[in-house]
Structure formats: C-alpha cells, structure tokens
2 protein chains.
Amino acid sequence: MSRWGMVKKTRSSQRREEALSRDRIIEASIALLDHSGESGLTFRTLSERLATGPGALYWHIVNKSDLTTAACDAIVARTLEAPQVGATPKAAIRTLALGMFDAIDAHPWVGSALTRAPGQAPMVRILEGIGQQVRALGVPGDAQWAAASALLNYILGVSGQNAANAQFARAHDLDRSNFLESVSTAWSQLDPDEYPFTRSVAGQLRAHDDRADFLAGIDLILSGIGSPLAQ
Amino acid sequence: MSRWGMVKKTRSSQRREEALSRDRIIEASIALLDHSGESGLTFRTLSERLATGPGALYWHIVNKSDLTTAACDAIVARTLEAPQVGATPKAAIRTLALGMFDAIDAHPWVGSALTRAPGQAPMVRILEGIGQQVRALGVPGDAQWAAASALLNYILGVSGQNAANAQFARAHDLDRSNFLESVSTAWSQLDPDEYPFTRSVAGQLRAHDDRADFLAGIDLILSGIGSPLAQ
DNA sequence: ACCTGAACACCGTTCAAGT
DNA sequence: ACCTGAACACCGTTCAAGT
C-alpha cells in the first residue's frame, strides 16, 4: 500500500513470479481451453495470462499446433497413466476406452486436438495401450494392427463427434440437452420417404446415453475381433 | 486486340458472366478446396475467383461454416447417389463405406468438414444409408442405433485421420508416402520398454494399404453385429 | 539466454453506399 | 434484390531491440 505513492507510473500488468517454461505455458493453455473452449486459446490471451508478450511464448514452443498437441498429450498421459494390473484384456480395453471418453467429455478440445495430430504422441499413447491388450487377447500377429486400428479409429471418431457437438453447442449458446433436442427435432422433420431410418431413431437421440452407446460400439468391435468370421 | 486502344482504363477484374448463386459459390469453393486444401478457401480468394467482393457472398451463404458444410454435402450426395439394388446388406454397407473412403481420399477436406458438422445434412445422408442396410440385415429394432452409429463413428474416425494426414503432409510439403515414412521412422525409434506394440507395427505402417485396412475394420464391426456375443 | 511489444500479413464479417 | 469494397476486430508469427 505504501508503495502507491512512491511511483509515478504503476505498472499495470503484474510482473510474473516464476520464469516462463514450456510446462507453465501448457498448463495455462489447458486452463484457458477448459474455461473458454477452442476459440479461447490465442497467443494474446495466453500471454496476458502469463504476464508476458506473445513473442516470448515462441522461445518455448514451436507454434500453435505444437502447443495444442502438447496440451492434449498432457491430458491423455494423465488419463492413461494408471496401470491396469489383473484385468482381463477386454476389460482393460473397455476401461481405457471409457477413460478416454470421460476425458474428452471433460475437455472437449482434446477430441479435436487428437484428430488433428495423426501419428503424434497423444495418439501413439492410445494405440500402445490398445495394442498391448490386443496382443494379450491372443490375436495373431498379422491381425493385430487391424484390430488395434479399428478400435483406435472408432475412439477417434467418437472423440471428434463429441468435440464437435460441444463446440457447436457452445457456438450456439445451447447446453448439451438443448443441442440434442434441436438435432432430434430436425431429424424427425425429415422427408419420411428419403430418411425413414434417421426419422425412426430421432426419438432415441433425445434420450440416449452417449457413454453407454460408446461402450456398445467398443463391445461390437471386441466381439468382431473374437468372432471366427473375422479371421 | 483492337479493343486495347479504345479504352483509357481497362477494368482489371473481368465482370462475371452469370449472376452469383449459392450453387456457383459452392462449386467454386469445391474447386478451391480441391486445388489448395483447407487453407486455400478464404472469402478473399473465393470472391476474387467469382469476380465479386467478399461481402457479396454473404447474400447467398450464412457464414464460412455453412459454406464448408454445403460443399461437403455436395460431395457426399454425389458419392451416395447410386442406388444399391440387388446387393446383400453387408455388400451394400461395404460399397457405401468404400465409396466414402475414396471420396475422402480424393477430397481430404471432406473428412474434416464431416467431423465438424455433427447431426447435419452430410452426416445424416451417411447415417441413413447405413441404417437402411442395418435394418435389412435383420438387426432387431433396439440394436439398430448402436450398430449404425458404431459404423458411422468408425467411418468418421478414419475420415478425420485421412484428412489430418493429408493436411499434415501438405503443410510439411511431403507426399503421402514420405509422410508415412517419417511417422514410421519416428515410431521405430520409440522406447522399446514403453512402446513395444507401436514399435512392432512401425514397419507395417510404411507398406500398409489404407483402403484394405479400412475395409478390414468395417468387416470387423459387421461380424461383431452378426455375432451372438453382441446380442 | 530469455523476454518485450510493435509490426506484418493475414483472417471472417459487417455495413453504408451504390445499382 | 443484389452487389461493392472499405473498414472493423481480430488472428498467428516475426524480429529488432532490450536485459
């Protein structure tokens, strides 16, 4: 308080306490993405939050794509870190998949970051987790890649859709149930001759349990992997 | 030629012949996206191509998201328009899925547009095509949604990955095989203790047939749908 | 070595003004 | 009714200059 009278010009932006680091930048990005969605992360808001200038960030990160992938990887790493000892391979795959589903539900931006980083660290973590269990399942060597990548692609598909739903809802100022409601209404008004199936499931959409449906898909693929028809 | 001397000031931008229309704008957008990728479509390049100003486009389209979805929908509609008479339901699903795969291979931007338009027209077309065949397959009513959405999510997952691969390759000035090569190399240099599975499939990645792998995943899900374990 | 912040080259979108 | 194009409010990224 006594300092107030001592300076002619108060510095409006408080000086940061700690030095910048890649980790601090990533943590701040996660907080921003969680709070304001994908469009909430800009170099200006981020540097403001970190009490620095936009240019300073480039000393620690390559570019925005690198930053988003790194933030995504941090979430994925935390999600998958619990080792699954004692579980059957199928149970382990279900647990891993549900873990990812819940993580993306909590951080929708992770879904789209994941789909935009093909072959990169976060995707590799998921592939590895799945692949190890596919092996443990006894799938023959030459069928392991097909089984693991089918599961991975399904998970990425659901991830992307969940992220898109959340972003769409945010952009139109709807919550999740209002969003589903509006899609359901639109589907039920489609031409009955051209869209009989979609019309017939419009009602289910309103009430359905995303998480249960997600798991049903995983189980479908798992039983396909175990089916003699597939081998 | 003789006109050259007749005017003091030649109008640098040629006056367009036809009036603007939503359809002409969408066709021009498709051409631009095919030629220059997702980043190639801007209101400035598009309006230049159509010999008009950026603002004029807003008389016919809502915004950029609407434009991209409409362009995507035009491609999806063309891809799915051939009616599948006489094919078995499984064959029809395979044909539909492969059709989408090839369309996205030819127009990678369709993959990301698809994942960014949840519940919208292009996605509904695909869902309807799949759903009708799932019904024809004899799947009971209460399991139809799970079966159709598993297939849809898998297709969307692969779509998104293919689009991301193409965009990543374009951004780094690589062709497809160079891109796979670089991912494969990166994977084979991972820590053997932490990433045994991913390392073991790194080699397969280099030589693998995307299209065949995609179909293998569809078959896996189809045999899961037909498996007694799943019902 | 690390940070600053103005400047650059873009975006999508709006809107008064024209025809 | 439809189009024009300047202007607005942003972006990510760069870079000379500082410490």
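**Entry 1: DNA strand D**

I started with DNA strand D: 54% of its atoms within 4 Å of the protein belong to sugar or phosphate, and the rest belong to bases. This is a predicted model, in which local features need pLDDT of at least 70, side-chain atom pairs count only at pLDDT 80 or more, and totals for chains, interfaces and linings use all residues. For my own bookkeeping, residues are numbered from 1 along each chain as its sequence is written, chains are lettered from A and ligands numbered from 1 in the order in which they are written, and side-chain values use heavy atoms, with hydrogens and water left out.

Which residues come nearest to DNA strand D? I found A:R44, A:Y58, A:K64, B:T52 and B:H60, out of 19 residues around the strand. A residue is near a strand if one of its heavy atoms lies within 4 Å of it.

Next I looked up polar contacts, meaning pairs of N or O atoms within 3.5 Å; within protein, one must be able to donate a hydrogen and the other to accept it, and residues adjacent in sequence count only if both atoms are side-chain atoms. A polar side-chain atom of A:R44 sits 2.6 Å from a base oxygen of DNA strand D. Phosphate oxygens of the strand turn up twice: one is 3.3 Å from a polar backbone atom of B:L20, and one is 3.2 Å from an N or O atom in the side chain of B:W59. Two elements give two or more residues to this surface, namely α2 (43-49) of chain A and α3 (54-57) of chain B. The largest share, three residues, comes from α3(B). Helices here are DSSP runs (H or I, at least four residues), as strands are (E, at least two), numbered from the N terminus.

By class I noted seven nonpolar, seven polar and five charged residues near DNA strand D. Ala, Val, Leu, Ile, Met, Phe, Trp, Tyr, Cys and Pro count as nonpolar, Asp, Glu, Lys and Arg as charged, and the others, Gly among them, as polar.

**Entry 2: DNA strand C**

I then turned to DNA strand C, which 20 residues surround, the closest being A:T52, A:H60, B:R44, B:Y58 and B:K64. Sugar and phosphate make up 54% of the strand's atoms that come within 4 Å of the protein.

What lies 2.6 Å from a phosphate oxygen of DNA strand C? I traced that to a polar side-chain atom of B:K64. An N or O atom in the side chain of A:W59 is 3.2 Å from a phosphate oxygen of this strand, while a backbone N or O atom of A:G55 lies 3.5 Å from a base oxygen. I see α3(A) giving the most to this surface, with three residues. The classes come to seven nonpolar, seven polar and six charged.

**Entry 3: helix α4 against helix α6**

Over to chain A, where the axes of α4 (residues 64-80) and α6 (residues 108-115) come within 9 Å and cross at roughly 115°. Axes are lines fitted to C-alpha atoms, for helices over the stretch in contact, and angles run from 0 to 180 degrees between N-to-C directions. I listed A:T68, A:A71, A:C72, A:I75 and A:V76 of α4(A) against A:W109, A:V110, A:A113 and A:L114 of α6(A) (contact: heavy atoms within 4.5 Å). Eight of the residues in this contact are nonpolar, one is polar and none is charged.

**Entry 4: confidence**

Last, I checked pLDDT, the predictor's confidence in each residue, from 0 to 100. Chain A has a mean of 90, and 91% of its residues reach 70 or more. I marked residues 1-15 of chain A, where pLDDT stays under 50 and the model has one contact beyond four places in sequence.
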